[in-house]
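Here are some notes to read alongside the structure. Take them one at a time, with the view open.

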Amino acid sequence: MTAIEFNHVSKQYRLGLVSTKTLSHDIRRWWLTSIMRQEDPYLKIGETNDRATKGNSEYVWALRDIDFKVEQGDVVGIIGKNGAGKSTLLKLLSRVTGPTTGTIRAHGRIGSLLEVGTGFHSEMTGRENIYMNGAILGMTKAEIDRKLDEIIDFSGCERYIDTPVKRYSSGMTVRLGFAVAAFLEPEILVVDEVLAVGDAEFQKKAIGKMKDVSQGQGRTVLFVSHNMTSVKQLCKHGILLENGQVSFMGTAEDTIGKYLAVNLEDIDKPLAERTDRRGDGRVRFTNVLFRNAKGDVVTEAFVGTPLTIEMYFDINDPSVDLSKAIMACGLSDSYGMSVANWISDEIEHDFSNLKDEKKIVLHIPALNLRPQTYNFGVQLSIGSTSPKDWCDEIGPISQLTILNDSIFTPGVNLKDCRGHQALVPARYL
Amino acid sequence: MTITPRDRLLALDWREIWRYRDMFMLFVDRAFRTAYKQTILGPLWFIITPVLSVIVYVTVFGGIANIPTDGVPPVLFYLLGISVWGYFASCLTSTSNSFVSNADIFGKVYFPRIIMPMVAVTVNLLSFAIQLAIFFAFYIYYAATGTDLTIHWQVVLFPFLMLLLALMAMGFGMIFSSLTTKYRDLQIMLAKIISLWVYVTPVIYPLSMVTNDKLHLAMSLNPVTPVMEAIKYSLLGVGQFSWLWLGYSALVTLILLIFGLMLFNKVQKSFMDTV
């Protein structure tokens with residue numbers, strides 16, 4: 001049986017500020033659609049939503065012609081880059097905002113979890129907030145009464161339950177919010193990246209609960225996440241969104257593979273031609289080289305050996321003040337999890353000559369990371385590392401493969417395993 | 001369930017609203033509980049504010065400007081006037097903010113949006129009830145000390161008259177709340193409208209004081225006037241009670257509600273994109 005059905009659903013957004021121009025568009029739209037009975041002229045001019053390129057139109061399609069079905073009891077992961085339309089899709093399904101065109105059919109009650117602790121009031125106690133939050137999510141008072149003890153128990157905030165939420169730590173607020181949502185019993189559950197919060201112990205608990213909900217009770221779940229590990233753990237099927245369109249549908253494993261491949265496709269392009277970058281472009285990276293101890297350019301290096309990374313850039317805005325530059329680069333694993341990061345304001349550096357040299361060099365004395373292929377990404381910002389100050393940011397620029405060797409005990413190679421990337425020198429006594 | 005780009009304009013899903021009745025009650029309850037949290041005087045503020053206004057009114061309008069109150073003790077006259085007007089004005093203000101002030105919650109979860117104006121109208125009943133209690137306390141005091149006060153049988157209509165005011169405020173507020181999601185100008189305008197509206201409503205003076213015929217008609221066209229007059233007539237024995245003009249108020253309310261609901265339904269699907 002089909003639980004959710006998207007029929008050619010599109011969603012258009014208008015960019016920029018609300019101004020008199022908006023008013024004139026609104027009046028023109030009203031005149032043409034309501035009085036002249038014509039089509040909305042602004043529906044024709046939207047552009048594909050590619051956040052990195054500058055467009056001509058102020059109307060963009062956050063979602064365009066989305067068409068798919070989800071069977072009852074299926075657990076579907078929705079993946080894609082930032083701005084691909086994942087959250088918009090969930091918003092439409094949870095009826096926070098309506099589609100511009102097309103229809104969505106859903107069979108059964110929809111519970112949406114786009115945020116934990118919606119409607120929490122800081123002056124009210126934990127217990128009062130459980131009722132409030134539960135009611136907002138669609139539970140009745142009787143239902144909450146019945147589940148109250150379990151919710152409090154799951155949240156692990158029993159001691160604080162009659163204290164106003166404003167005295168809670170942020171982690172406790174999240175726990176309480178998730179606990180309420182975990183006991184929601186809709187036929188269709190819509191979850192946005194809420195598992196990314198809280199400490200490790202809690203995340204484990206939350207993932208476990210999500211598994212119970214989706215596997216044991218035959219409920220349909222739509223789940224958005226950037227964390228490929230949890231998508232892989234939870235979902236049976238996957239939908240890959242790219243620029244507001246469905247680019248792939250299949251099993252979770254295949255979809256994750258496609259997503260990672262899409263991410264890597266860009267690597268083959270010369271750095272200067274890449275468009276999947278963010279930042280205002282005052283400075284653009286043009287090339288990145290890895291050099292081993294001998295100074296040879298490499299893409300593979302043995303575990304435990306030194307590595308020097310040279311990052312070359314062009315200055316597009318001559319007025320840019322590079323003395324305030326903050327360089328951040330790092331390695332992430334194939335699931336997109338960051339494993340190591342080098343941020344210049346945490347590390348001793350000399351950026352006094354950047355303007356002339358047009359290159360930043362990072363030296364890593366020992367590559368103490370488990371043998372695997374890692375993606376290397378860079379980000380240069382001026383003044384602060386907040387997104388508005390970014391000059392250039394590119395996710396995976398190139399790959400670095402770390403080769404197996406013995407580092408702890410001579411002659412004993414490392415095991416080939418997932419995770420446990422940090423190799424901290426140690427000895428059992 | 002089907003999600004479409006647009007809803008029918010006059011649709012109102014009562015079954016769905018009923019399903020969320022617990023949430024409605026919790027919102028009302030929350031507003032009461034948190035109204036004066038972390039204040040020393042707490043709920044006493046519900047009493048202090050109207051009493052202060054009455055003192056000012058009695059001094060300024062009664063003592064300095066010498067505006068008559070048709071032979072009714074000024075304290076009673078003003079208390080009734082400002083309680084009723086205050087309820088109308090606060091309902092109007094809070095319903096007109098329904099979308100903008102709840103944008104956080106509306107952006108994260110769905111429930112029938114119309115519940116928020118309903119909550120606003122209900123929450124304001126609390127401070128109105130307290131002011132009304134003060135009014136009756138004074139009423140008993142004046143009656144006991146020998147002041148001649150008349151109550152008319154129309155007093156049984158009092159709850160309905162208040163309901164009429166609440167619905168009028170809600171209809172009007174919904175129109176404003178729908179329009180302010182995109183253009184905030186109206187929010188600023190509404191504050192001004194309310195502060196001027198009180199002067200064309202017989203709140204601090206009796207309608208009988210307006211002797212100019214044209215002005216009298218113009219004031220009666222204000223849909224709040226007939227209700228205010230009817231309330232004063234039934235409780236204090238002054239003012240006028242006219243079924244015809246009350247019918248007019250009811251008609252205006254109905255039109256405002258229908259129009260408000262249409263706009264509200266039109267906006268509620270897309271307002272998160274523009275708020």
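1. How far apart are Phe135(B) and Tyr139(B) in helix α7 of chain B, counted in helical turns? The answer is about one turn, because the two are four residues apart in that helix, which covers residues 115–144. Do keep in mind that this is a predicted model.

2. Before going on with that pair, a word on aromatic contacts overall: there are 28 aromatic pairs over all chains. One of them joins Phe154(A) and Phe183(A) in an edge-to-face arrangement, with 5.9 Å from centre to centre and 85° between the planes. This pair links distant parts of the chain, as its members are 29 residues apart. Phe154(A) sits in helix α4 of chain A, and Phe183(A) sits in the loop between α5 (170–182) and β7 (188–191).

3. Are these two rings buried or exposed? Phe154(A) has a relative accessible area of 12%, so it counts as buried. Phe183(A) comes out at 10%, and is therefore buried too.

4. Now back to chain B. The ring centres of Phe135(B) and Tyr139(B) lie 5.7 Å apart and the planes meet at 50°, so this pair is called tilted. Phe135(B) is buried, with a relative accessibility of 0%. Tyr139(B) is also buried, at 9%.

5. While you are in chain B, look for an aromatic cluster as well. Its members are Tyr20(B), Phe27(B), Phe99(B), Phe106(B), Phe111(B) and Phe264(B). Try selecting these six side chains together to see the group.

6. Next, the salt bridges: the structure holds 13 of them over all chains. In one, the side chains of Lys147(A) and Glu143(A) meet with an N to O distance of 3.6 Å. Why are these two about one helical turn from each other? They are four residues apart in helix α4 of chain A, so about one turn separates them. Lys147(A) and Glu143(A) are both buried.

7. That salt bridge is not the whole story. Glu143(A) and Lys147(A) belong, with Glu185(A), to a network of linked salt bridges. If you colour by charge, look for these three residues as a group.

8. Two further salt bridges in chain A are worth a look. Lys324(A) pairs with Asp321(A), and their closest N and O atoms are 3.3 Å apart. Asp321(A) has a relative accessible area of 34%, so it is partly exposed. In the other, the side chains of Asp389(A) and Lys388(A) come together at 3.2 Å, N to O. The partners here differ in cover: Asp389(A) is buried at 17%, whereas Lys388(A) is exposed at 66%.

9. On to the surface. Which residues form a negative patch? They are Asp149(A), Glu150(A), Asp153(A) and Glu158(A). Asp153(A) lies in helix α4, which runs over residues 141–155 of chain A. Its relative accessibility is 57%, so Asp153(A) counts as exposed. Phe154(A), the buried ring from point 2, is in helix α4 too.

10. Chain B has a patch of another kind, a nonpolar one of about 750 Å². The residues that make it are Ile40(B), Leu41(B), Leu44(B), Trp45(B), Ile47(B), Val51(B), Leu52(B) and Ile55(B). Take Ile47(B) as an example: it is found in helix α3, residues 45–64 of chain B. With a relative accessible area of 36%, Ile47(B) is partly exposed.

11. Finally, some backbone angles to check. Arg95(A) is not a glycine, yet its phi is positive, at about 65°. This residue is placed in the loop between α2 (86–93) and β5 (101–106) of chain A, and Arg95(A) is partly exposed at 25% relative accessibility. Lys358(A) also has a positive phi without being a glycine, with a value near 50°. Where is Lys358(A) placed? Look in the loop between α9 (354–357) and β18 (359–364) of chain A. At 35% relative accessibility, Lys358(A) counts as partly exposed.

Key: Residues numbered from 1 in each chain as written. Chains lettered and ligands numbered in written order. Predicted model: local features only at pLDDT ≥ 70, side-chain atom pairs only at ≥ 80, totals over all residues. Heavy atoms only, no water. Patch = residues over 30% accessible without salt bridge, like charges linked within 9 Å, V, L, I, M, F, W, Y side chains within 5 Å. Areas by Shrake-Rupley, 256 points an atom, 1.4 Å probe, with all protein chains shown as cover. Salt bridge = Lys/Arg side-chain N within 4 Å of Asp/Glu carboxyl O. Lys, Arg positive; Asp, Glu negative; His and termini not counted. Charge placed at Lys NZ, Arg CZ, Asp CG, Glu CD. Buried < 20%, exposed > 50% of the residue type's maximum accessible area, 1.4 Å probe, protein only. Phe/Tyr/Trp six-rings, centres within 6.5 Å; stacked < 30°, edge-to-face > 60°.
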